[in-house]
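Student: I should like to learn how to read the features of a structural model, one at a time. May we begin with the accessibility of a charged residue?

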Amino acid sequence: MKVKAGRKRAAPASKSTSAKRRKVAQDSSRSKKAATKPKDKEKASERRTIPIPNVDDEDVLVSDQDLDVLETYGGAASFLNALDHKGISRSKNETERLHRLSKPVRQASVADSLPSIDSNGEEEEEEWTSGAEGLSSDDSGVGSGSPPHESDLDSDDDAEMPYEKTPYGRRPDWMNPEGQVVQRLPIKLANGHVQSTGTKPNPNRKIVEEDTSDTSEEEIEAPKSRVEDVSTGARFGRPAVIDVIETKSREARVKGAKEQIAGICQEIIADPENSIGLLRRLHTFSLEKISTPAHPDPVVNDPIIRKLAIISQLAVFKDIIPGYRIRALGEKEKVEKVSQMVARTREWEEGLVASYQSYLRFLEAELKTRSELAEVALRCMCTLLLEVTHFNFRVNLMSCIVAHLSKKSWDKMSDLCLDTIIGVFREDNTGAASLEIVRLLNRMVKERHFNVRPEVFSCLLHLRLKTELSVRASNSRADSAKTSHHPNNKKGGQRAGKGVEPSHISKKAKKALKEKKEIEKEFREAEAEVDKEERATIQTETLKLLFVLYFRILKSPKPTRLLPVALHGISKYAHLVNIDFFKDLMKVLKELIQGDSQIDEDDAISDLSRDTQTVYHHLLCIVTAFELLSGQGEALNVDLNDFIVCLYTVILPLSLTPDIESLAPQGSKNQSITVMLFRALDIIFSPRSSGATAPPWRSAAFAKRLLTASLHWPPATALRVLDFVGGLIAKDPKLEALLSTDDRTANGVYRPHIDDPQLSQPFGTSLWELHALARSHWDVAVREQARKLINFQRS
């Protein structure tokens with residue numbers, strides 16, 4: 001492409017030129033708008049008054065309903081006519097201007113010639129002048145009374161104004177000795193009229209004494225207001241507790257207390273978490289003497305009201321106590337931040353425990369002082385121990401109940417305490433409560449040197465002990481034998497390592513295993529299952545304490561009235577006794593049946609004679625010995641012939657005992673001597689005790705001696721003898737020869753006075769006592785039973 005010579009190419013258009021032109025155009029348009037804007041337009045805040053728009057009444061439409069309202073309540077709106085129209089229409093700036101005009105003017109402080117407080121040097125003293133030389137023409141107006149400058153006023157804002165120094169006026173009724181009342185606030189009725197409500201006593205009036213020693217000013221001291229406590233004051237819409245107690249009429253006093261107690265209990269049960277104050281108020285009704293900050297003098301409470309309050313608190317606590325034990329918070333737990341719901345729950349739990357503790361202390365104090373409400377207090381404690389055994393302070397309840405059982409006298413309240421402990425034993429699933437009671441009983445018996453009632457130990461027969469003394473580590477799996485890990489035995493090491501967690505696992509696996517264990521623990525807690533290993537440990541400890549207590553009674557050098565109860569306990573828990581103790585126990589039992597086990601008359605509390613008590617103790621020893629060897633004791637080779645001879649010996653003395661069917665000594669489960677006798681006979685001649693039937697000579701000897709004694713026994717005991725002898729004959733055919741009265745040859749002569757059944761030669765005689773009973777006994781049932789046994793035929 002060719003370019004013509006002598007011509008230049010045109011330059012491109014500049015963008016800055018167009019921008020400048022647009023800016024100039026905008027400025028010109030703004031100047032035009034400013035020229036057209038009126039200059040005399042004022043702002044609303046700069047005006048002195050704001051005109052109120054007037055509306056023509058003809059343009060307003062008023063309905064009939066509005067007219068009716070205006071006629072009815074028109075008088076109440078009459079104050080609108082007295083409003084200040086000028087004040088309403090005045091602007092803000094005008095209001096501030098008028099306020100500045102009416103504000104009092106502060107006088108400027110006159111400068112004095114005194115040095116400043118901070119000046120203490122000698123050089124400054126030489127520079128002091130009278131101040132006249134430094135006055136300028138501007139400052140000359142200060143002394144001539146001209147108005148001060150605003151800066152002078154602002155420099156001394158702390159100066160008091162004349163109106164601030166003026167003292168306040170005093171009400172005339174304060175100094176008037178007759179001004180004892182004040183006017184109540186008026187009320188406004190529905191029709192708009194104001195009605196006066198009269199006067200009331202002036203609580204704040206106080207005569208002020210003049211103090212001539214200091215100044216003539218009078219100071220009025222405000223009386224100290226006494227704040228009523230929530231538990232005693234007139235709160236919750238109810239009269240104060242002291243007002244209810246001070247009612248003169250007893251009927252009205254009890255009725256008022258009943259109504260308030262019932263209302264308090266209903267509110268507590270409806271919302272327990274917000275009713276800690278009501279719990280304290282309910283407890284106030286049970287106090288013997290009530291005093292409040294407003295009434296410091298104590299007022300004696302009515303016993304009926306106290307009894308009602310105690311029983312009401314019992315019902316409330318039974319209902320609101322949670323199903324778990326509340327533990328005390330640690331220092332770290334108190335400091336840590338928790339949610340609002342958790343904080344409220346902790347506060348309620350703390351208040352509940354404090355109220356429950358004060359209630360139990362009150363019951364314990366009533367029980368120790370033996371007041372007229374001691375029986376009610378003991379009943380409440382027994383109920384709480386039985387109903388809320390899991391909650392706090394159960395050891396305190398157990399201590400009070402066990403202390404009541406330690407008394408020498410026995411009454412219906414003692415029976416109540418005993419039944420309470422038995423109920424706790426039966427309902428105890430974990431064994432912790434039973435262990436605590438056994439510890440308290442053991443300590444009490446040791447402190448009183450076994451001088452306690454036998455009935456106390458009868459409750460120990462209701463313990464739920466289902467494990468042996470040497471329990472395994474786990475009831476869910478068998479204990480595997482420990483395998484020796486020898487370094488050279490690789491196969492043994494591999495077998496032993498089966499089912500065992502590896503010793504080296506990764507951090508991730510450890511973390512997962514830890515989380516799994518925590519989840520399993522939470523599941524167990526949620527299921528509320530009792531840990532079998534923990535229960536086995538607790539029951540083992542309980543069993544140790546129990547047998548220690550029983551063995552102390554057995555080894556006592558002097559027989560006590562607790563011996564029958566100890567023998568009963570050992571015979572019942574014989575299957576739980578460690579086999580290592582069997583030989584020692586058998587030795588002690590043999591010493592008891594061979595020695596004199598009579599107790600002193602001071603310790604004898606039964607109506608039985610001393611000989612009968614001795615026989616009863618021997619029977620208990622025999623039963624205990626055979627019970628011990630009927631279970632795991634069968635593995636031991638122990639000779640029980642001494643106990644069999646002892647039982648054979650006591651039968652003849654029992655034939656002359658008139659009270660054989662009387663109840664045994666107290667604390668022996670109300671078993672008579674007849675019951676214990678036949679229990680011992682059943683154990684001796686039972687196949688489970690010896691593994692086989694008894695030899696014929698033993699059965700014949702016992703049958704002959706029992707029938708001889710039955711001639712003197714009551715009909716009920718005689719019938720049991722006939723049944724027992726019939727069972728022996730049915731088991732052993734050789735005993736049928738004793739039913740015949742014909743002459744026959746026999747080895748030896750029967751010796752009835754020998755106390756050894758093996759040497760008595762029972763086959764040398766016959767059971768002629770059956771014929772005597774069948775012919776001449778006065779009871780029809782005994783005669784018929786004897787005839788049946790005489791005509792016995794084996795099928």
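Tutor: Arg-453 has a relative accessibility of 12% and therefore counts as buried. With a 1.4 Å probe and protein chains only, buried means under 20% relative accessible area, exposed means over 50%, and partly exposed lies in between. This is a predicted model, in which local features need pLDDT of at least 70 and side-chain atom pairs count only at pLDDT 80 or more, while totals for chains, interfaces and linings use all residues. Residues are numbered from 1 along each chain as its sequence is written, and side-chain values use heavy atoms, with hydrogens and water left out.

Student: With which residue does Arg-453 form a salt bridge?

Tutor: Side chains of opposite charge can pair when their charged atoms come close. A salt bridge here is a side-chain nitrogen of Lys or Arg within 4 Å of a carboxyl oxygen of Asp or Glu. The partner of Arg-453 is Glu-455, and their closest N and O atoms are 3.3 Å apart. Glu-455 has a relative accessible area of 9%, so it is buried. Elsewhere, Arg-250, Arg-253 and Asp-302 are joined into one network by salt bridges that share partners.

Student: How many salt bridges does the structure hold?

Tutor: The structure holds 15 salt bridges. One of them pairs Lys-368 with Glu-364, at 3.2 Å between the closest N and O atoms.

Student: Why are Lys-368 and Glu-364 separated by about one helical turn?

Tutor: Both residues belong to helix 14 (residues 340-369), and because they are 4 residues apart there, about one helical turn separates them. Helices (H or I, at least four residues) and strands (E, at least two) are DSSP runs, numbered from the N terminus. As for accessibility, Lys-368 is exposed at 64%, whereas Glu-364 is partly exposed at 26%.

The salt bridge between Glu-375 and Arg-379 has its closest N and O atoms 3.6 Å apart. These two residues are 4 residues apart in helix 15, so they too are separated by about one helical turn. Glu-375 is partly exposed at 35%, and Arg-379 is partly exposed at 38%.

Student: At what angle do helix 12 and helix 15 pack?

Tutor: An axis is a line fitted to C-alpha atoms, for helices over the stretch in contact, and the angle between N-to-C directions runs from 0 to 180 degrees. Helix 12 (residues 303-320) and helix 15 (residues 374-387) pack at about 5°, with axes 11 Å apart. Angles under 35 degrees count as roughly parallel, over 145 as roughly antiparallel, 65 to 115 as roughly perpendicular and the rest as oblique. Helix 12 and helix 15 are therefore roughly parallel to each other.

Student: Which residues of helix 12 and helix 15 meet?

Tutor: Contact means heavy atoms within 4.5 Å. From helix 12, Lys-307, Ile-310, Ile-311, Leu-314 and Lys-318 meet Val-376, Cys-380, Thr-383, Leu-384 and Glu-387 of helix 15. By class, this contact has 6 nonpolar, 1 polar and 3 charged residues. In that scheme Ala, Val, Leu, Ile, Met, Phe, Trp, Tyr, Cys and Pro are nonpolar, Asp, Glu, Lys and Arg are charged, and the others, Gly among them, are polar.

Student: In what sense, left-handed or right-handed, does helix 28 pass helix 30?

Tutor: The axes of helix 28 (residues 696-710) and helix 30 (residues 769-776) come within 9 Å and cross at roughly 30°, which means that helix 28 is roughly parallel to helix 30. The crossing is left-handed: the near helix is turned anticlockwise from the far one by less than a right angle, a clockwise turn being right-handed. Lys-704, Leu-707, Thr-708 and Ser-710 of helix 28 make the contact with Glu-769, Leu-770 and Leu-773 of helix 30. Of these residues, 3 are nonpolar, 2 polar and 2 charged.

Student: What is notable about phi in Phe-393 and Gln-761?

Tutor: Most residues other than glycine have a negative phi. Phe-393, in the loop between helix 15 and helix 16, has a positive phi near 65°. Gln-761, in the loop between helix 29 (715-731) and helix 30, has a positive phi of about 55°. Gln-761 is partly exposed, at 28%.

Student: How many helices and strands are there in the protein chain?

Tutor: The protein chain has 31 helices and 6 strands. Of its 795 residues, 34% count as buried.
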